[in-house]
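Please take me through this structure one selection at a time. I have it open in a viewer and would like to know what to select next and what is there.

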Amino acid sequence: MSWSTSGGPGHTRGDGAVSAHAPAKINVSLAVGPLREDGYHDLQTVYLAVSLLDTVTVRRAEGLSVTVTGEGAEGPDPVPTDRRNLVWRAAELLAEHAGVAPDAAIAVEKAIPAAAGLAGGSADAAAALVALDALWGTHATRGDLTALAARLGSDVPFSLAGGVALGSGRGERLTPVLARRPWHWVLGLADGGLSTPAVYAELDRLRAEGRLPDGAAFPSPEPVVAALRSGPVEALAAALANDLQAPAVSLRPALRRALRGAIDAGAAAAVVSGSGPTVAALAADEDAAVRLAAVLAGEGLFRTVRVVHGPVPGARLVG
Ligand code: C5P
């Protein structure tokens, strides 16, 4: 997997800027256990990094500043540009770890929508860690960055690692998985996000009312891993699973129609990505994905659609 933590002059453009990309993720399977005492849930997930990338560009500056352009930058509930933005905390954490001042102007160009179940904020944090490590010459090891990533959020270590991985704990403990072939998907992006804590809370509520199984035992991830490794597409289609889908649909009933619409339009299978509301529709191959996207774009079930493939690498320097 191509991955670099050492930046230095080779990665610094003439204007002193350093850029890094990081990918969105799909949870190909996601099994969620009961609520833990710390407010998180143990989970078992198979993460897949896909080719929808955010770009974070950092420059030397006095103090810390964040600007956001692209997906989620405008509108009634824009992506924050202060300490609530995970890149801000990523900068503070790396600076503290390295014993340097957290001085940087950070520009986030978003293609991944926020609060969409695609780990967009986590991707930005992972890209910021990699870019700032290069800008500041902190020479953090991969292990250092992964530990900082886990402190920033459950999905941030995977945004750094990319590829395919089995996630456990609250999602931050990763075991890489080999996938020899690319998989093609259409992402159906919704108008408006869903709050991850709200979706987990809805899962707990539906379980407490006995309307969903309690999640005490995780199914084996082996069928998903085997299908991802070597197919066929029908095997992967049959293995898609997400315990957060029912609570996401409960909070956003229109998702039921969107999922059905994706199947009717020719998807091999469709699943809510993470805590939603993005729908990940699996296609047999690249041509089928392009056709599926064209049909779905014409139906108005989604705000917009994106054709993606994965696995792709995790956060890495551009250029
Ligand atoms: O780790 P992260 O900050 O992304 O998590 C956001 C929220 O999602 C947590 O505060 C928690 O409510 C919920 N969550 C959870 N169990 C996980 C991951 C996230 O309950 N494994």
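Start with helix 10, and select Asp 287 and Gly 298: both are exposed, on the other side of the helix from its buried residues. The model is a predicted one.

Now select the buried residues of helix 10, which are Ala 289, Leu 292, Ala 293 and Leu 296. They lie on the same side of helix 10, because they cover an arc of only 105° around the axis. To see what they pack against, add strand 7 (183–189), helix 9 (254–264), strand 10 (279–283) and strand 11 (304–310).

Show the whole of helix 10, residues 286–299. Its 14 residues reach 20 Å from the first C-alpha to the last, close to the 20 Å expected at 1.5 Å a residue. Step past the end of helix 10 to Gly 300, where phi is positive, near 75°.

Next, select helix 2, residues 120–136. Are its residues buried or exposed? In helix 2, 17 of the 17 residues are buried, so this helix is largely enclosed by the rest of the structure. The end C-alpha atoms of helix 2 are 24 Å apart, which agrees with the 24 Å that its 17 residues should span at 1.5 Å a residue. Gly 137 follows helix 2 and has a positive phi, near 60°.

Go back to the loop between strand 4 (104–110) and helix 2, and select Ala 115. Phi of Ala 115 is near 50°, a positive value in a residue other than glycine. Ala 115 counts as buried because it has 22 C-beta neighbours inside 10 Å, the cut-off being 20 or more. Ala 119 is also in the loop between strand 4 and helix 2. Its phi is positive too, near 60°. With 30 C-beta neighbours inside 10 Å, Ala 119 counts as buried.

Two cis peptide bonds come next. Select Gly 276 and Pro 277: the peptide bond from one to the other is cis, with omega near 5°. Pro 277 is in the loop between strand 9 (269–272) and strand 10. Then move to Gly 310 and Pro 311, which are joined by a cis peptide bond with omega about 10°. Look for Pro 311 in the loop between strand 11 and strand 12 (316–317).

Zoom out and colour the protein chain by its division into domain 1 (9–177) and domain 2 (183–310). Their centres, taken over C-alpha atoms, are separated by 23 Å. The contact takes 28 residues from domain 1 and 37 residues from domain 2. On the side of domain 1 that touches domain 2, strand 1 (18–35), strand 2 and strand 5 (164–168) each supply at least two residues. Strand 1 has the largest share of that side, 10 residues. By class, that side of domain 1 has 21 nonpolar, seven polar and no charged residues.

Finish at the ligand. Where does it lie with respect to domain 1 and domain 2? Both domains give residues to the shell around the ligand, so it lies between them. Select the residues that surround it, among them Tyr 40, His 41, Asp 155, Arg 170 and Tyr 200. Strand 2 (41–59) and helix 5 (196–208) are the elements that give two or more residues to this shell. Helix 5 gives the most, with three residues. Coloured by class, the shell divides into four nonpolar, six polar and two charged residues.

Definitions and conventions
Residues numbered from 1 in each chain as written. Predicted model: local features only at pLDDT ≥ 70, side-chain atom pairs only at ≥ 80, totals over all residues. Helix = DSSP H or I, 4+ residues; strand = E, 2+ residues; numbered from the N terminus. Expected span 1.5 Å × (residues − 1). Buried ≥ 20, exposed ≤ 12 C-beta atoms within 10 Å, placed from the backbone. Arc of directions from axis to C-beta. Contact = placed C-beta atoms within 7 Å. Near = placed C-beta within 6 Å. Nonpolar A, V, L, I, M, F, W, Y, C, P; charged D, E, K, R; others polar. Domains from an automatic or database assignment.
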